[in-house]
Amino acid sequence: MILLPSTNTALLKERIFWLLSICVVIQLLLLWIQNLDHSVDKSTMTVETESSNVDDSNQEAEPVQLLDDEANKNLPVKKKTTCCTGLKMFLAALSFSYFSKALSGIIMKSSITQIERRFDLPTSTVGFIDGSFEMGNLLVIAFVSYFGAKLHRPKVIAVGCFTMALGSLLTAMPHFFMGYYKYETASHTAPSANLTSSINPCSLRQDVNKTLLETSKSDCEKEPSSYMWIYILLGNMLRGIGETPITPLGISYLDDFAKEEDVPVYVACLHTIGMFGPMFGFLLGSLCAKLYVDVGFVDLGSITITPQDSRWVGAWWLGFLIGGVISFLAAIPFCFLPKSLKKPGEANHDKTSSSLLENTGAIRKTLTPAEPKPMKWSTMMKDFYTSLKKILSNRMYFTFLCCSLLQFSSFIGFLTYKPKYMEQQYGQSTSKSNFLIGLTSLPPVGIGIFLGGLIMKKYKMGIIGATKFAFSMSFVSYVLTLLHFFVGCENHVVAGITVSYDGKPIPYHENAMFSDCNSDCKCATNVWDPVCGDNGLTYISACLAGCTTSVGHGKSMVFHNCSCLKASSSWSGNNSVTLGQCPKSDDCSKKFIYYTVIQVISGFCYALGGTPAYMIMFRCVQPELKALAVGLYTLIMRTLAGIPAPVYFGALIDKTCLKWGSRSCGQRGACRLYDSNAYRYVYLGLSALLRGLSYLLAILFFTFIKKHFQNKNSRPTENGGKEDVPMNKDDNCKSKENLAGSPDAENESCI
């Protein structure tokens, strides 16, 4: 067994917080340095252009027509190329890496509930583990973006994929060191009994409460599983570090060495193939959740729980092993790709142009631009502060940033606990929840993103039109999601928790686990081993149901002579109970269908406006500040949404727990039963609140956009006086570059 030393969880979280704070400051500095390099390169290009113009003015007019004629005559014949060119190989490898990173990310999302139960963690701690991916990404994203472009980009991506594989394998490792999973139960047979012996739950474990209460907290900390979840946190963080270089370095590599008109097609291919990652991730998570955690090592016939049971833990580790192998395979092609490629026709063009210029004696003399002087740190920090202030004082950018932050927080919290919500609200198993999400929710989203792009292209939407369309579709989706409040199910009918033993509702959190029917049994109240009575009531255990005999073994065990069923005034049938909770009503099954339909339609509408929203994201910032704007956006989303959202969503969900499980040492484990009504209002209400506030900011954002562009486009010299310009043209931003020295260029920015 591998044991971790006793660690204070709060102290661990505090140290991670300070580490992340330092990384945020370093990232801001690196983002500004990257932005400074962009500005220096731009000024160098300006000097070269001016010097060539001066030289042109002192020379006679060149025989342009002669050069064109000679070029047409001497153009080399293009050779046929095979489909296995370097660029196409890179595109194929990058597409597979997109698939692998999306697959691994969704495997973590689909395993949240399994990890919570296996390690007996509260939901807030599981949310903290899930946010560790963003922490790892945040640690290195600025370093990778700045220094990665100066290195061998394919090999850097290969290192990232290998790191993702290592992180996935590290996440699965605790399973192999923790021993077999021992779920809590009160219906074990006596040590001397054989498999067919009848047991008396009412008298089997008379002293169980005393035994559990005498167990100290230090004994719990000595258990191998106490802090094993830290390995999952570290593995997820390592996976976040490895994922970092794939997108920035991969896209920049394509942009550098592909034809300009082919880059959008290649990017579309990447995102299309990447969409299959989440789909297969949820389907794989569904398969793993259906298998028992110790499958192949224990006798499944002796297991008394089913996948619908809140104590069931699937083979969560198997998904991470598969994800790690796929990430490892994704890394291999990048090891054999070159550092740089030549654009198609680039070499031939250079040779032809050089020979023609030499023959005509028209080789130009260009002035060597002066090398920029090194800047002092004080000057750099002052310029950084100025750039940051200029970005944040941009009303449109800042409003959009706040709006996106609220939307992203709502989305992350909703997606993280969506499988858990389907389990607790509608009584679905983890396996079925993951399967339905992968099969019904993701395909409409992919179709919506694709159709959104087609609609933009067909109607040639300008920035104002795109803003209207994106806002309208998002708001329609928001209104549809509000219908979820009306298709929820009632609480599980559990005697002693949600209803009395007579079947009458009882106040929230009222302790009524004991009744006259089970007062002689002296049962354990902190053990969750539910049984379903023939009267439709769920009892916390067979002991608390007052049962005295049993028949069968494993999942087929049945308890008889249950006194609490006899006490039920509305029941006159058999006094027997079976293992497991009673299923939800038929009415709840119908509501689950309505819930699924609403999810499909709302997801499609939201995705339909996703492409326009992406296009207007940073449509107008000053060109020299665009890199800083993009980096700041990513930094804010990850720091203030990606990391904390799962934690505070999970903390609020914990507040709705009605029955906590117990660990083998007697301490509190994972939650076994939630208040369905409170869970629905907290989970959906928090998500709706965040999105609702974002639409108030969206209205303000649209006001700024409309005022800015209508005032700007009303000038007769710009865009012909048109009110709106198609977004596939960069006339607005290009005009900013041409007027970089004018006062308007500093005050105006496009989003």
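Colleague: What makes the pair of Lys109 and Asp130 a salt bridge?

Modeller: A salt bridge is a side-chain nitrogen of Lys or Arg within 4 Å of a carboxyl oxygen of Asp or Glu, and because the closest N and O atoms of Lys109 and Asp130 are 2.7 Å apart, the pair meets that definition. Lys109 belongs to helix α3 (residues 86-110) and Asp130 to helix α5 (residues 123-147), so the bridge ties together parts that are 21 residues apart in sequence. The helices, like the strands, are DSSP runs numbered from the N terminus (H or I, at least four residues, for a helix; E, at least two, for a strand).

Colleague: What are the conditions on local features and side-chain atom pairs?

Modeller: This is a predicted model, in which local features need pLDDT of at least 70 and side-chain atom pairs count only at pLDDT 80 or more, while totals for chains, interfaces and linings use all residues. Residues are numbered from 1 along each chain as its sequence is written, and side-chain values use heavy atoms, with hydrogens and water left out.

Colleague: Which parts of the chain does the salt bridge between Arg117 and Glu423 tie together?

Modeller: The side chains of Arg117 and Glu423 meet at 3.1 Å, N to O, in a salt bridge. Arg117 lies in helix α4 (residues 112-118) and Glu423 in helix α17, so this pair ties together parts that are 306 residues apart in sequence. Eleven salt bridges are present in the structure.

Colleague: Why is Thr430 called buried or exposed?

Modeller: Buried means under 20% relative accessible area, exposed over 50%, and partly exposed in between, with a 1.4 Å probe and protein chains only; Thr430, at 2%, is therefore buried. This residue lies in helix α18 (residues 430-459), and its side chain makes a polar contact of 3.1 Å with that of Glu423. A polar contact is a pair of N or O atoms within 3.5 Å, where within protein one must be able to donate a hydrogen and the other to accept it, and residues adjacent in sequence count only if both atoms are side-chain atoms.

Colleague: How do you know that helix α17 is mostly covered?

Modeller: Nine of the nine residues of α17 (residues 418-426) are buried, among them Lys418, Glu423 and Tyr426. Just after α17, Gly427 takes a positive phi of about 70°.

Colleague: Why does Phe336 count as exposed or buried?

Modeller: Phe336 has 69% relative accessibility and therefore counts as exposed. It sits in the loop between α13 and α14 (346-360), and it joins Phe96, Phe162, Val325, Phe328, Leu329 and Ile332 in a nonpolar surface patch with about 650 Å² of accessible area together.

Colleague: What makes a group of residues a patch?

Modeller: Patches are made of residues with over 30% relative accessible area and no salt bridge, like charges being joined within 9 Å and nonpolar side chains (Val, Leu, Ile, Met, Phe, Trp, Tyr) within 5 Å. Helix α13 (residues 316-331) gives the largest share of the nonpolar patch, three residues.

Colleague: Why are β2 and β3 said to stand at the edges of the sheet?

Modeller: Five strands form an open, antiparallel sheet in the order β2-β1-β5-β4-β3. β2 (538-539) and β3 (549-551) each have a single partner strand, so one side of each is left without a neighbour in the sheet. Two strands pair if DSSP finds at least two bridges between them, and β1 therefore pairs with β5 (residues 577-579), to which three bridges join it.

Conventions: Areas by Shrake-Rupley, 256 points an atom, 1.4 Å probe, with all protein chains shown as cover.
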